[in-house]
Amino acid sequence: MALVPKRIRKNHADQSSPASVSTSCQPSEAGKDGVFVEGAILRITMKNFLTYDYTTVHPGPNLNMVIGANGTGKSSIVCAICLSLAGKTTLLDRGDKVGGYVKRGHDRGFVEIELFKSGGNVIINREIYAANNQSVWRVNGRSCNQKIVEEEVKALHIQVNNLCQFLPQEKVGQFAKMSKIELLEATEKSVGPPEMFEYHCDLKNVRIKETEMENAIKERTSYLEKTKQIYETNKVDENHYYEKQKHLEMIQLLEKKKLWVEYETSLRELEGVKKERNEVKQRLAILKKNQTPMLSKRQSIAMQLTSNDAKINTQSTAIRETSLKHKQKQDQLDKSNQEIEDIKHAFKMKQTEEEDQKKEIVKMKKEIENLKVELAKIENQPDVTPRITEVNAELRQILQERGKVEEEKANMCREKGNLTAELRMLEKKLSDMNNMMKVKEENLRRCHSDTFAAVQWLRQNRHLFAGNIFEPLMLVINMKDIRFAKYLESHISFNDLRAFVFQRKDDMKKFMDEVRDNMRLRVNAIVAPAESCARTPSSQPIESLRRFGFFTYLRDTFDAPEEVMSYLCMQLKVHEIPIGNEKTESMITEITKELRNIRVLYAGDQKYEMKQSFYSKLTSTRNTTVNPPKYLSVTVDAELKRQLEQQMKVCQSRLRNIDEQLNSIQKESTVLDRRDNELLSEKKTLSELKGKKRHLEQKLKIKQDRLKHLSNSRIDLKKAEAETKKKLISVKSQKKSMVTALLEQIKLQAKLTMEKVYLELEVVGLLAEKTKVENACREDTSRFEALKEQCRQLEESTVQLTKRCKELMKKCGMQPDEALPKAFNTLPDTLNELEAMLNEQQARADCFPGLSKKVVEECKKREQEIKELEQELIEKNAALASLRKKKLQAKESWLNPLKQLVEQINDKFSDFFRAMKCVGEVDLHIENEEEYDKYGITIRVKFHESSQLHELTRFHQSGGERSMSTMLYLMALQELNRCPFRVVDEINQGMDPINERRAFEILVHTACREGTSQYFVITPKLLKNLKYTEKITILVVHNGPHMSEFDNREFIRHWRQKKNAQA
């Protein structure tokens, strides 16, 4: 695999080798010559790893140049070094899943690395499983976990996450982006003493602690001052509290004396009330004895009244019964009178009826004569029956025509109802689609408000443009199947998704002038190709790709306007991007061999990109995970929407036609109705004329029958008069007997009434006597009740006063026979004086409001807290002084060696730049000497005499200048040599040939010295006529499907012949 003059490293990447090859965990013989530094790489073995089936690489102890065409697997060696030393996949930027590093078509692979160690080499083996992204670790053949591997690597001072030691291809550009602070930390880890970075971390932590302690001391000191102020206030409150307590004790004594005085007063009052109560009881007994005779007389009168009331009730009952009989007789008499009047009225009615009958006979005869005259006139008119028959025939014809019209009208109405329902359904579907469009617009507004504002402006001003203008792609693209949205989003950048598509360039210029220049909106715009590419056929029919699992092209998964589709086909080649399934993923290797014209494909959740090497024409594959869709997950079928709108237009047109036909039918129906009414009117007239004779004959017969009936039913007035007189005589005879019985009832009722009046007069006399007696009794009773109430009140007063005396004695806390306290002698003996003195003491106590025993407790608590705070501050100040002393010691141990280290790096870096006739320097950046987390390294370079020294950034220097500066900085670090090896991948890309040659010479001079660490430089090419030394190892990566066995001897012979020929 590799061969160079002076030193040969032979490694083969044989793709036809067996699938499984056993590996040995025994240390190799390399490194026993003592030229390798501790931790240097002796061997790298890869199996089923990225592009390799199986290969072993044996690097040299100094400079290793790994060369080979793009896609052959140079960077795969870098990946193997990183992953075998427990590095993270994020360092390589080739995918976040470790299973992705297993070669396609295999379920597992492994990498193994052998590191030089004086006590015995370290062999680390990592077996990777593609299915679950898991790894199995072994160190010197023993299974272990990743943490043990990391500890082994750390013990050998290997830092794959340090860009100053391990700089893969994907991270070369990030070196210039490193901040000053990051560069300093990486340099410390790479070339500084082991304790330097630890000192730096300790200083940062100590500075944080120092700041925290200073803030804490300042805070506690401030709190102590506030606490002392509060304590002084509390001390004054404590004195006031004790003074208030003296006044409260006096108030308590005064209230006790007051209660005692109230007790003595209540006791004297109780004795007076008891005496008065006994006098009232004696007067009450005398009054009760004098009331007995009057009560007996009142009782006798009450018994007489009760007897008379019973007699009066008996008389009243008899009077009511007599009145009832009187009323019955009177009702019978009134009924007889009414019967006489009815008989007379009935006779008068017969007389009236006889007169009316005569008048009706005369009238009937006259009407009969008139009907006979009119009947004679009608018999002379012609027959109308034939005309009626004609009218009936025409009416039947109109009825048939109207039936046809109504049937046609019903069919039209039914069709109109169906079309209306269909139109409503189409409107609902179109409304649903418009709602989905609103969701897409909301997504656009949320992710890019400027583009959304431009869309709103375009909709209002579309008339200003001559050609077609399409809204952003994310609004006009509609997925046929939502499953493929993630592929299309992955393929189209967000800048294109939010771009407007124009048919004409002048329209685009006018649009951009307005929204971008005038409205200050950030929008993108593109012009569709002049010739449409929307229907450009794919280079290979999809049927020819189905054996690889492909089933469609990306273009066929979505709909878009023709101009938009044309742009996507021309610029993004969506018609050449196939989509496959699981079968496609398993056949990626075969696809890269056979389908060389495919550059991008999608399968499952992966995107595969094929890149052909410019040198070897070999194809390398890169796969990335496709993210879920964000913008195209909501889809509106534009074709379906167009069809729905077309169907709505058809429905509306048919509805208008039906309305016109209905109007025509309505006019025809109106004409038929008018003719029908005319014929019916004529038929009615003829029918009336035909039926008039028959009607007159019937009417004449009816009149004649009525006249005959009237003549036969004449009334006999003489007979009616005789019957009336007979009825009157019978009724009057009955009336006479009724009047006699009524008079007898009236006499009986008068007698009973007089007897009742005599009884009531006797009751009146008794009531007067009773009232007189009751008045006399009432006066005595009133006096008796007054005395009784007075006695009750006195009893209640006695009870209340007794109760009050007991309560007052209980409040005093004394017994009636107990001796009075001596302090009572100094106090007033009256309630008024006690009340005045009590108010005075209470006023003095109220001068100290809000004071309680808590004030004393708070004062003691504050006093104790002050002592504790003062002790705490003493301890914190002592700790701070100790911490500052420790910081000064750490600073001296760190800063002076660091300045020396940076000075050494600066010397080497400046020498390298001078050798290239350029200027470069490295300084220690210090903003504040105490802010250790802001220390950094500043690199300043100048590549042209006319320019000034500029800090190395991605803004001031070109890509080649940044690569040159990075490489020379790493060379300066190489001189200091603390890490076992360094890896730099394709750092010479972008350098001009002169700088690349100078850089190579410096690299050879620096990396090939005795005692320097191992160095790996990965590059796809080298300049001609470079100077090499014996200590350079060149590893040529020769890997591909047509690789033949490499003959080292033949290569050396051929090289010598060519050299001799040139000489």
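A trainee and a mentor go through this structure in short questions and answers.

This is a predicted model: local features need pLDDT of at least 70, side-chain atom pairs count only at pLDDT 80 or more, and totals for chains, interfaces and linings use all residues. Residues are numbered from 1 along each chain as its sequence is written, and side-chain values use heavy atoms, with hydrogens and water left out.

Trainee: How many helices and strands does the protein chain have?
Mentor: Helices (H or I, at least four residues) and strands (E, at least two) are DSSP runs, numbered from the N terminus. On that count, the protein chain has 22 helices and 24 strands.

Trainee: What share of the residues of the protein chain count as buried?
Mentor: Buried means under 20% relative accessible area, exposed over 50%, and partly exposed in between, with a 1.4 Å probe and protein chains only. The protein chain has 1063 residues, and the buried share is 40%.

Trainee: Which strands are at the edges of the open sheet?
Mentor: Two strands pair if DSSP finds at least two bridges between them. The sheet has six strands in the order S2-S1-S4-S5-S6-S7, with antiparallel pairing. An edge strand pairs on one side only, and these are S2 (52-57) and S7 (142-144).

Trainee: What is the average twist from one strand to the next?
Mentor: Axes are lines fitted to C-alpha atoms, for helices over the stretch in contact, and angles run from 0 to 180 degrees between N-to-C directions. The twist from one strand to the next averages 15°.

Trainee: Which residue in S2 is the bridge partner of Lys-47?
Mentor: Strand S1 (residues 41-49) runs antiparallel to S2, and five bridges join them. The partner of Lys-47 in S2 is Tyr-54.

Trainee: Is Leu-50 buried or exposed?
Mentor: Leu-50 is in the loop between S1 and S2. Its phi is near 50°, a positive value in a residue other than glycine. Most residues other than glycine have a negative phi. At 19% relative accessibility, Leu-50 counts as buried.

Trainee: Why is S5 largely enclosed, and how many of its residues are buried?
Mentor: S5 pairs antiparallel with S4 over eight bridges, and antiparallel with S6 over six bridges. S5 is largely enclosed by the rest of the structure because the buried count, out of eight residues, is seven.

Trainee: Which residue in the turn between S5 and S6 has a positive phi?
Mentor: Ile-124 stands opposite Val-139 in S6. S5 and S6 form a hairpin with four residues between them, and the turn residue with a positive phi, about 55°, is Asn-133.

Trainee: At about what angle to S1 does helix H1 run?
Mentor: Contact means heavy atoms within 4.5 Å. Helix H1 (residues 74-84) lies across S1, S2, S4 (108-115), S5 (122-129) and S6 (134-139), and its angle to S1 is about 105°.

Trainee: Which helix gives the most to the largest nonpolar core?
Mentor: A nonpolar core is a set of buried Ala, Val, Leu, Ile, Met, Phe, Trp, Tyr and Cys residues joined through side-chain atoms within 4.5 Å. The largest has 51 residues, and those with the most contacts inside it are Ile-477, Phe-511 and Leu-568. With six residues (its span is 562-572), the helix that gives the most is H13.

Trainee: How many residues does the other core have?
Mentor: Nonpolar side chains tend to be buried together in soluble globular proteins. Another core lies apart from the largest one; Ile-67, Met-916, Met-967 and Val-1017 are among its residues, and its size is 50 residues.

Trainee: What span is expected for helix H8?
Mentor: The expected span of a helix is 1.5 Å times one less than its number of residues. H8 (residues 449-460) has twelve residues and reaches 17 Å from its first C-alpha to its last, close to the expected 16 Å.

Trainee: Which side chain makes a polar contact of 3.4 Å with Gln-606, besides that of Asp-605?
Mentor: A polar contact is a pair of N or O atoms within 3.5 Å; within protein, one must be able to donate a hydrogen and the other to accept it, and residues adjacent in sequence count only if both atoms are side-chain atoms. Gln-606 is in strand S17 (residues 606-612) and is buried, with a relative accessible area of 10%. Its side chain makes a polar contact with that of Asp-605 (3.4 Å). The other partner, also at 3.4 Å, is the side chain of Thr-625.

Trainee: Is Arg-520 buried or exposed?
Mentor: Arg-520 is in the loop between helix H12 (505-518) and strand S12 (524-527). Its phi is near 60°, a positive value in a residue other than glycine. With a relative accessible area of 69%, Arg-520 is exposed.
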